[in-house]
Amino acid sequence: MTTDRLTDADRSFLFVLGSSRPDGNTEILARAAAEQLPAGIPQRWVDLAKDPLPDFQDGRHEDGTWPVGEREEELRRLTLEATDIVIASPLYWYTVSANTKRYLDYWSGWLGVPGLDFKKRMAGRTLWGVTAMSEEDEVRADGLITALNHSAAYLGMRFGGVLLGNGSRPGQVRNDERAITRAKTFFEREAPLARFPGEEETGER
Ligand SMILES: Cc1cc2nc3c(=O)[nH]c(=O)nc-3n(C[C@H](O)[C@H](O)[C@H](O)COP(=O)(O)O)c2cc1C
């Protein structure tokens, strides 16, 4: 799947909310960006704090299968149904939140599910990030940006970058005019194939 060849009619967005509190700054910023998407593009929203996934158990190198919970199955289905996945995680200790990280850890499990072809199916889709942070210096979000870029690169995905906003108490991000302005055009950005540092531009893979 290559999202740049898709028309709006073929696209669908999954917003994965990773905050540990409801109605937080990250979600407000993600919704401000999502409002600008064409009405015909379906949006699904999932809040990882509701019905949270249990800690990921690494059974990749064990024989047999391990039980798949309903929530895991739902998240796996939603992930594979979306052409565009938006990780909306607050900045926690300079990276993604634990809820978000756990969801991404499950991707490693899905990579090993026989017949699922997770890696092949994720290739060409687009990963985006939205994050709110209380510190003013946006360079401090580099760890989160790197984690998402490299995850996209590993899976052969496109990466649209991270929409950053400033705020501590819920709602404060609305005062960050720069972030709200950036939100208006965020999803219009080019989303090139993600690359690891030092990787050459080789086009499609
Ligand atoms: C566990 C935790 C860790 C945090 N770590 C950082 C951090 O490293 N840098 C930062 O700027 N803000 C940090 N913050 C502040 C949050 O990023 C900020 O309050 C943000 O608005 C929370 O987003 P939310 O409202 O969507 O939950 C942290 C907050 C918590 C609860």
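Trainee: Which residues come nearest to the ligand?

Mentor: In this predicted model, Gly24, Thr26, Pro90, Met133 and Glu135 come nearest, out of 19 residues around the ligand. Two elements give two or more residues to that shell, namely helix H1 (25-34) and strand E4 (126-133).

Trainee: Which element gives the largest share of the shell around the ligand?

Mentor: Helix H1 does, with three residues.

Trainee: How many residues of each class does the shell around the ligand have?

Mentor: The shell has eight nonpolar, seven polar and four charged residues.

Trainee: Why is Asp23 called exposed?

Mentor: The criterion for an exposed residue is 12 or fewer other C-beta atoms within 10 Å. Asp23 has 10 C-beta neighbours inside 10 Å, and therefore counts as exposed. Asp23 lies in the loop between strand E1 (13-17) and H1.

Trainee: What is the phi of Asp23?

Mentor: Phi of Asp23 is positive, at about 55°, although Asp23 is not a glycine.

Trainee: Where is the place of Asp117, and what is its phi?

Mentor: Asp117 is found in the loop between helix H3 (98-111) and helix H4 (118-122). Its phi is near 55°, which is a positive value in a residue other than glycine.

Trainee: Why is Asp117 called partly exposed?

Mentor: A residue is exposed with 12 or fewer other C-beta atoms within 10 Å, buried with 20 or more, and partly exposed in between. Asp117 has 13 other C-beta atoms within 10 Å, so Asp117 is partly exposed.

Conventions. Residues are numbered from 1 along each chain as its sequence is written. This is a predicted model: local features need pLDDT of at least 70, side-chain atom pairs count only at pLDDT 80 or more; totals for chains, interfaces and linings use all residues. A residue is near a molecule or strand if its C-beta atom, placed from the backbone, lies within 6 Å of it. Helices (H or I, at least four residues) and strands (E, at least two) are DSSP runs, numbered from the N terminus. Ala, Val, Leu, Ile, Met, Phe, Trp, Tyr, Cys and Pro count as nonpolar, Asp, Glu, Lys and Arg as charged, and the others, Gly among them, as polar.
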